[in-house]
Structure formats: C-alpha cells, structure tokens
Amino acid sequence: MMADGGQGTFRRTQSAEYTVRILLECGCWTRARCHPMSDHVRLGCTSGQAHGYRKQWVQSEENGAVNINRTYAARQEALKTEEEKEETA
Ligand SMILES: [Zn+2]
C-alpha cells in the first residue's frame, strides 16, 4: 500500500479509460471507452457466460448520463404490441 504523501492531486480510478458502462440485451453490463457510435453497433458480452459477441446494446451510461438505444427500445415495444395483439385475437 502506498501512503498518501500529500501529493494526491493525481487521482487514479480503477479503469480510468473505460468510463462508459453499457447494458447489453442479455442483461449484462460491459465497459467501454466511449458510447456506442450508433444504435446498430453490436458488442461482445464480457461476462464470461457465453452470451455471444454480437449483442445489441440497450443503454449506455457515463457519469450518470444515460443514453438509450432508441432503435432497440422501439423494436422491443413493437414486439410487445405484437404479443398483445396475438393474445387478444
Ligand atoms: Zn451477457
């Protein structure tokens, strides 16, 4: 352990560069340096549960700022509506 010698102006965080958390469609979170470039970007699941390497992202967060994948959300909403239709038919 390093003692604080009074020169604590340089603060290290655990993963200084990977400040963006990204929620994938499988429900796992992964980390990245920046937000996904577009709604259509696919990312690998890093949970080690063999969920796959081409997952759609659901939302990304950085410092509490949340960025929603609206394309994904819209598709989920459409699927839900589709199911409701089938139930009532
Ligand atoms: Zn996963």
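## Fold, zinc site and salt bridges in a predicted model

Residues 24 or more positions apart account for 33% of the contacts in the protein chain with a separation of 6 or more. The model is predicted. The protein chain holds one helix and five strands. Along the sequence, the elements follow the pattern β-β-β-β-β-α. Of the 89 residues in the protein chain, 19% are buried. The accessible surface of the protein chain amounts to about 7,200 Å². Carbon and sulfur atoms contribute 50% of that surface.

The zinc site comes next. Four residues coordinate the zinc ion: Cys26, Cys28, Cys45 and His51. Each cysteine donates through SG, and His51 donates through ND1. The distances run from 1.9 to 2.5 Å. The angles among the four donor atoms are 100 to 115°. The site is tetrahedral, because four donors count as such if all angles lie between 85 and 135 degrees. The donor residues are spaced C-x1-C-x16-C-x5-H in sequence. Cys28 belongs to the loop between strand 1 (20-24) and strand 2 (29-32), and Cys45 to the loop between strand 3 (42-43) and strand 4 (55-62), so this pair ties together parts that are 17 residues apart in sequence.

Both of these cysteines are shielded from solvent by the accessibility criterion. Cys28 has a relative accessibility of 11% and counts as buried. Cys45 also counts as buried, at 11% relative accessibility. The cut-off explains the label, because buried means under 20% relative accessible area. Beyond its neighbours within four places in sequence, Cys28 is in contact with Ile22, Leu23, Cys45, Ser47, Gln49 and His51. Two of the zinc donors, Cys45 and His51, are thus named among the contacts of Cys28.

Cys28 and Cys45 also belong to the largest nonpolar core. That core has seven residues in all. The other members are Val20, Ile22, Leu24, Ala32 and Trp57. Strand 1 supplies the largest share of this core, three residues. Ile22 is both a core member and a contact of Cys28.

Salt bridges were then examined. The count comes to four. One of them joins the side chains of Glu61 and Arg21, at 3.4 Å from N to O. Glu61 lies in strand 4 and Arg21 in strand 1, so the pair ties together parts that are 40 residues apart in sequence. The two partners differ in exposure. Glu61 is buried, at a relative accessible area of 19%. Arg21 is partly exposed, at 32%.

Helix 1 (residues 70-88) contains the partners of a salt bridge between Glu77 and Lys80. The N to O distance between these side chains is 3.5 Å. Glu77 and Lys80 are three residues apart, so about one helical turn separates them. Glu77 is partly exposed, with a relative accessible area of 43%. Lys80 is partly exposed as well, at 43% relative accessibility. Glu82 and Lys85 form a further salt bridge, at 3.8 Å from N to O. Both lie in helix 1, again three residues apart, or about one turn of the helix. Glu82 is partly exposed, with a relative accessible area of 40%.

The loop between strand 3 and strand 4 merits its own account. Gly52 lies in this loop. Gly52 is partly exposed, with a relative accessible area of 23%. Residues up to four places away in sequence aside, Gly52 touches Gly44 and Cys45. Gly52 and Cys26 are 26 residues apart in sequence, and their C-alpha atoms are 9.1 Å apart in space. One partner in each of these pairings is a zinc donor: Cys45 in the contacts of Gly52 and Cys26 in the C-alpha pair.

Ala50 sits in the loop between strand 3 and strand 4 too. The phi of Ala50 is near 55°, a positive value in a residue other than glycine. Most residues other than glycine have a negative phi. Ala50 is exposed, with a relative accessible area of 77%. Asn63 also has a positive phi, near 50°. Asn63 is found in the loop between strand 4 and strand 5 (65-68). Asn63 is exposed, with a relative accessible area of 77%.

Methods
Residues numbered from 1 in each chain as written. Predicted model: local features only at pLDDT ≥ 70, side-chain atom pairs only at ≥ 80, totals over all residues. Heavy atoms only, no water. Donors = N, O, S within 2.8 Å, 3.2 Å for Na, K, Ca; no water. Tetrahedral: all angles 85-135°; square planar, octahedral: opposite > 155°, others 65-115°. Helix = DSSP H or I, 4+ residues; strand = E, 2+ residues; numbered from the N terminus. Buried < 20%, exposed > 50% of the residue type's maximum accessible area, 1.4 Å probe, protein only. Core = buried A, V, L, I, M, F, W, Y, C linked by side-chain atoms within 4.5 Å. Contact = heavy atoms within 4.5 Å. Areas by Shrake-Rupley, 256 points an atom, 1.4 Å probe, with all protein chains shown as cover.
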